[in-house]
Amino acid sequence: MDMPKVLIVDSNDEFRESLSDALSRICILHTCQSGSQALELMHSFSPDILILDLMLPGIDGISLLHRTAEAGLHPAVLATSRFTSDYVLEALHRLEVNYLMMKPCDIQSIVCRVSDLAADLHPSSIYHTDPKSAVSNLLLSLGFPTKLDGFSYLQAAIPLYSEDPSQAITKELYTAVATLYHKDCKQVERSIRSAIEAAWRNRDERVWQLYFNPAPGGCVPRPTNGTFISRMADFLARQIYQYGNV
């Protein structure tokens with residue numbers, strides 16, 4: 001699959017440069033810092049994916065999207081913003097923006113979302129990935145700290161459960177993971193629970209709602225170990241079925 005063309009439009013130099021460095025190996029990149037510059041590049045560069053800060057000097061992000069749509073340009077759009085409102089959300093919906101991330105954004109989470117958007121550009125292509133990498137992307141997008149033992153245990157547990165969802169999580173899955181890491185089953189269970197708790201407490205609500213249904217109050221409740229593993233295994237199975245696996 002050809003590398004996607006990505007345009008980053010953000011007035012924050014540090015953020016723009018950090019994101020460019022993170023994406024440089026997987027994308028063909030152009031960057032700019034204003035809406036007027038972006039409008040010119042939209043015509044000359046014709047990006048597949050637009051990473052757009054809504055709070056731009058001059059032509060703001062929503063106005064830019066209106067103009068590009070009027071010009072017949074329809075890239076996949078990942079919007080970023082520090083502020084939002086019902087008006088903004090409705091406008092983004094009408095303009096068919098693919099994704100909104102609230103700043104401050106985790107750079108690796110943006111990379112994961114760009115990878116997802118890039119895969120959707122070529123639905124007939126075979127996307128080669130290994131289950132561990134796919135799980136890592138899922139966990140990173142949900143804000144899991146990589147330094148926690150639970151992150152590694154989930155990297156092993158989710159593919160194992162995806163292969164056999166009928167297995168008992170406590171008696172069989174934890175035992176399999178504990179054997180892999182030469183640990184006690186209870187230690188595996190506690191570490192996974194702690195990792196889920198840490199990610200959930202610091203969650204981006206909009207990201208978690210992509211994977212879990214919110215409660216009546218609008219917030220995603222903290223999932224149990226079993227619920228989380230089952231849900232992530234389901235998403236992993238869909239990726240393998242849709243894109244193929246080496």
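This note covers two helix pairs, the nonpolar cores and one serine in a predicted model.

1. Packing of α5 on α6. Helix α5 spans residues 107-121, and its axis lies 8 Å from that of α6, at an angle of about 125 degrees. Because of that angle, which is over 115 but not over 145, α5 counts as oblique to α6. The crossing of α5 past α6 is left-handed.

2. Residues between α5 and α6. On the α5 side the contact is made by Q108, S109, C112 and R113, and on the α6 side by N137, L140 and S141. Sorted by class, these are 2 nonpolar, 4 polar and 1 charged residues.

3. Packing of α6 on α7. Helix α6 covers residues 131-141 and helix α7 covers residues 149-163; their axes come within 9 Å and cross at roughly 125 degrees. That angle makes α6 oblique to α7. Here the crossing is right-handed.

4. Residues between α6 and α7. From α6, the residues P131, K132, V135, S136, L139 and L140 take part, and they meet F151, L154, Q155, I158 and P159 of α7. The contact of α6 with α7 holds 8 nonpolar, 2 polar and 1 charged residues. L140 of α6 is listed in this contact and also in the contact with α5.

5. The largest nonpolar core. This core has 55 residues, and F144, I158 and F228 have the most contacts inside it. Helix α7 supplies the largest share, 7 residues. I158 is also among the α7 residues that meet α6. A second core, separate from this one, has 25 residues, including L56, I62, V77 and V88.

6. Surroundings of F228. Residues up to four places away in sequence aside, F228 touches L139, L142, F144, L154, I158, I196, W208, F212 and P223. Two of the residues just named, F144 and I158, stand with F228 as those with the most contacts inside the largest core. L139 belongs to the α6 side of the contact with α7, and L154 to the α7 side.

7. S191. This serine sits in helix α9, which runs over residues 185-201. Is S191 buried or exposed? Its relative accessible area is 15%, and the limit for buried is under 20%, so S191 is buried. Beyond its neighbours within four places in sequence, S191 is in contact with D149, G150 and Y153. Helix α7 covers residues 149-163, so the contacts of S191 with D149, G150 and Y153 link α9 to α7.

Definitions and conventions: Residues numbered from 1 in each chain as written. Predicted model: local features only at pLDDT ≥ 70, side-chain atom pairs only at ≥ 80, totals over all residues. Heavy atoms only, no water. Helix = DSSP H or I, 4+ residues; strand = E, 2+ residues; numbered from the N terminus. Buried < 20%, exposed > 50% of the residue type's maximum accessible area, 1.4 Å probe, protein only. Contact = heavy atoms within 4.5 Å. Axes fitted to C-alpha atoms, helices over the stretch in contact; angles between N-to-C directions. Parallel < 35°, antiparallel > 145°, perpendicular 65-115°, else oblique. Left-handed = near helix turned anticlockwise from the far one by under 90°. Nonpolar A, V, L, I, M, F, W, Y, C, P; charged D, E, K, R; others polar. Core = buried A, V, L, I, M, F, W, Y, C linked by side-chain atoms within 4.5 Å.
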